[in-house]
Amino acid sequence: MASDGWSPPQRVRLTIPARPEFLRIARLAAVDMGERVGMSLDELDDVRIAVDELAHVLLASVISGDPIIELVFTIREGELRVEGRREGTPASRPLETTQLAGAIVRAASDEHSLGADEHGARFLMSKRARSAV
């Protein structure tokens, strides 16, 4: 069978407790998935930092309960997309980023968003491997 050059996206779903000591797992997964896209060391560092900053924003909005953070890493055609989500509780704080965190995420990702609704908080970030451009 001939290949048409298209390959389906590869996805990894990671669920961790919404506690700071588990963010290392998220950072390691982000770097591993970035390596699979062919990112340089600088790009891998960008991904690690962006995922860490965005996940910290999700953590900072937790007041009580035992929420979880779900991360979905998707790689396709030289790009890594990371979707993060934390289930909401009525007592959750609004999402806030510091000026520094916002600047870091803008510099470290090609695209990003952060938001909340009645279901909880979420973020999306993507980074394209420059070698794939």
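Select Arg76 and Glu79 to begin: Arg76 stands opposite Glu79, a residue of strand E3, where strands (E, at least two residues) and helices (H or I, at least four) are DSSP runs numbered from the N terminus. The model is a predicted one, in which local features need pLDDT of at least 70 and side-chain atom pairs count only at pLDDT 80 or more, while totals for chains, interfaces and linings use all residues. Residues are numbered from 1 along each chain as its sequence is written, and side-chain values use heavy atoms, with hydrogens and water left out.

Colour the chain by pLDDT, the predictor's confidence in each residue on a scale from 0 to 100. The chain averages 83, and 82% of the residues score at least 70. Among the elements, helix H1 (residues 23-37) has the highest mean, 95, and strand E4 (residues 111-117) the lowest, 82.

**The sheet**

Next, select strand E2 (residues 68-76) with strand E3 (residues 79-87), which run antiparallel and are joined by eight bridges; two strands are said to pair if DSSP finds at least two bridges between them. Widening the selection gives an open sheet of five strands in the order E1-E2-E3-E5-E4, with antiparallel pairing. Strand E1 (10-17) and E4 are the edge strands, each pairing on one side only. From one strand to the next the twist averages 10 degrees, with axes taken as lines fitted to C-alpha atoms, for helices over the stretch in contact, and angles running from 0 to 180 degrees between N-to-C directions.

Now add helix H2 (residues 41-60), which packs on the sheet and touches E2, E3, E4 and strand E5 (120-128), contact meaning heavy atoms within 4.5 Å. The direction of H2 makes about 170 degrees with that of E5.

**Two residues of E5**

Which residues does Phe123 contact, leaving aside its neighbours within four places in sequence? Phe123, in strand E5, is in contact with Leu54, Ala55, Leu58, Leu71, Val82, Glu83, Gly84, Ser113 and Leu114. Phe123 has a relative accessible area of 3% and is buried, a term that means under 20% relative accessible area, with exposed over 50% and partly exposed in between (1.4 Å probe, protein chains only). A distance label between the C-alpha atoms of Phe123 and Ala55 should read 8.1 Å, although the two residues are 68 residues apart along the chain.

Move along strand E5 to Ser126, which is buried with a relative accessible area of 1%. The side chain of Ser126 makes a polar contact with the side chain of Glu79 at 3.4 Å; such a contact is a pair of N or O atoms within 3.5 Å, and within protein one must be able to donate a hydrogen and the other to accept it, residues adjacent in sequence counting only if both atoms are side-chain atoms. Not counting residues up to four places away in sequence, Ser126 touches Glu79, Leu80, Arg81, Ser109, Asp110 and Glu111.

**Ser109 and helix H3**

From there, select Ser109, in the loop between helix H3 (99-108) and E4. Ser109 counts as buried because its relative accessibility is 8%, and its side chain reaches the backbone oxygen of Val105 at 2.7 Å.

Finally, select H3, whose buried residues are Ala101, Gly102, Val105 and Ala108. Seen down the axis of H3, these buried residues fall within an arc of 145 degrees, so they line one face of the helix; the arc is that of the directions from the helix axis to the C-beta atoms. What covers them includes H2, E4 and E5, whereas Gln99, Leu100, Arg106 and Ala107 are exposed on the other side of H3.
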